[in-house]
Amino acid sequence: MSQKRIGVIGGDGIGPEVVAQAIKVLSAATGGDAFVFTQLPWGAEHYLQTGVTVPEGEFERWRREFDAIFLGALGDPRIPDMRHGRDILLGARMRLDLFINMRPIKLLDTSLTPLRDRAPEDIDYVIFRENTEGLYVGMGGQLRPGTRHEVATSAMIATYRGTERIVRAAFDHAVEHDLGRVCLAIKHNAIPHAHGLWNRVFQEVRTEYPTIDSSQLYADVAAMELVRDPTRFDVLVTSNLLGDILSDLAAQTVGGLGVAPSGNIHPGQVSLFEPVHGSAPDIAGQGKANPLAAILTAAMMARHLGYGEDAGRIERAVQMLIREGVTTPDLGGSETTVSAGDAVCRRL
Ligand SMILES: NC(=O)c1ccc[n+]([C@@H]2O[C@H](COP(=O)([O-])OP(=O)(O)OC[C@H]3O[C@@H](n4cnc5c(N)ncnc54)[C@H](O)[C@@H]3O)[C@@H](O)[C@H]2O)c1
């Protein structure tokens with residue numbers, strides 16, 4: 001297999017700390033030179049020193065020079081409006097058209113779930129969140145701002161093309177991975193125009209996948225079902241805003257931020273992988289950050305780039321670690337960021 005070129009943005013706070021462990025584990029699992037890593041300096045420090053969040057032409061360069069981007073986290077108390085984070089992360093999502101936000105929800109050990117009587121085989125599904133449209137496009141405005149007569153609008157965008165491709169991606173994923181069920185979670189009862197389109201597209205696309213059991217839930221019902229009976233899901237597809245909320249809820253049912261990976265994907269093009277957590281300024285520089293989310297994210301990226309077997313080994317090593325209680329303080333253990341990364345390497 002050809003060597004994979006990864007652009008690495010450690011970013012801010014605990015970002016660089018967890019990214020270092022993820023790279024170490026990925027290199028150990030794949031034998032050293034299957035992946036080459038290029039460090040990119042974009043983040044709070046670079047912005048504060050130069051005034052540049054991300055240089056002109058950078059996203060186009062990523063398309064040319066990298067197979068994937070691996071991001072730690074962005075966010076710094078010195079930049080309260082998060083301008084650099086928006087430019088880099090939302091910029092990448094929009095400019096690279098990363099329309100799939102993929103969030104695997106997999107319980108690695110019973111000890112991690114707050115749900116009663118749930119075993120690892122009960123919670124194992126993936127969320128496909130639309131990543132480029134919906135309420136997050138930033139369209140809207142204010143009238144009479146700063147007065148008691150202020151009016152504010154934010155437009156929710158749904159296009160046929162944008163909806164069809166994420167719904168199709170969810171069905172394709174189900175077929176590829178032998179998963180029997182795809183469930184749509186939207187609110188077409190309350191949002192008849194934009195989500196009415198989602199509903200119609202889903203009805204249309206589902207007919208092309210007769211072997212997949214397709215269903216739909218109102219998103220509020222889906223939120224309850226993710227807690228009440230997570231066994232009923234294999235693939236959940238949803239819009240940008242709803243996916244943002246549902247995927248955080250779902251992540252908490254399998255252990256939360258310390259173990260939650262994600263990918264921002266455009267199939268066949270450069271995609272961006274990042275742990276779900278932020279830069280955690282409260283614990284940055286203390287060696288306390290849990291590297292497992294970043295390590296599981298590296299496994300997800302490896303699988304995406306054709307290294308499925310190595311990805312599986314990384315995931316099993318992480319699972320062993322959690323079962324043995326060899327974890328950082330957030331999961332009840334006493335390991336440091338570095339010693340947890342080393343422990344994963346030993347179990348490979
Ligand atoms: N994608 C991203 O880069 C991203 C995502 C969320 C938040 N942020 C940014 O990160 C900064 C902090 O945000 P926040 O505090 O709301 O969220 P956060 O995820 O950084 O932290 C929330 C809590 O979880 C803990 N935590 C997070 N990751 C952890 C890990 N790997 N190991 C152990 N504990 C961990 C933190 O210590 C904190 O108590 C803000 O600037 C925010 O805008 C960035």
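How are α1 and α9 oriented to each other? In this predicted model, the axes of helix α1 (residues 15-30) and helix α9 (residues 292-304) cross at roughly 45 degrees and come within 8 Å. Angles under 35 degrees count as roughly parallel and 65 to 115 as roughly perpendicular, so α1 and α9 are oblique to each other. Their crossing is right-handed.

Who does the touching? On the α1 side, the contact is made by Val18, Val19, Gln21, Ala22, Val25, Leu26 and Thr30, and on the α9 side by Ala294, Ile295, Thr297, Ala298 and Ala302. Sorted by class, that contact of α1 with α9 comes to 9 nonpolar and 3 polar residues, with no charged ones.

Now for the sheet. It is an open one with 10 strands and mixed pairing, and its order reads β2-β1-β3-β12-β11-β4-β5-β10-β8-β9. The edges belong to β2 and β9; each has a single partner strand, so one side of each is left without a neighbour in the sheet. On average, neighbouring strands are turned by 25 degrees against each other, direction ignored.

Helix α5 (residues 160-176) lies across β4, β5, β8 and β10, and runs at about 165 degrees to β5. Here are some of the strands by residue range:

| Strand | Residues |
|---|---|
| β2 | 35-40 |
| β4 | 100-106 |
| β5 | 124-130 |
| β8 | 181-186 |
| β9 | 213-218 |
| β10 | 235-238 |

Two of the strands under α5 deserve a closer look: β8 and β10 run parallel and are joined by 4 bridges. Val182 has Val235 in β10 as its bridge partner.

Technical notes:
Residues numbered from 1 in each chain as written. Predicted model: local features only at pLDDT ≥ 70, side-chain atom pairs only at ≥ 80, totals over all residues. Axes fitted to C-alpha atoms, helices over the stretch in contact; angles between N-to-C directions. Parallel < 35°, antiparallel > 145°, perpendicular 65-115°, else oblique. Left-handed = near helix turned anticlockwise from the far one by under 90°. Contact = placed C-beta atoms within 7 Å. Nonpolar A, V, L, I, M, F, W, Y, C, P; charged D, E, K, R; others polar. Pairing = 2+ DSSP bridges.
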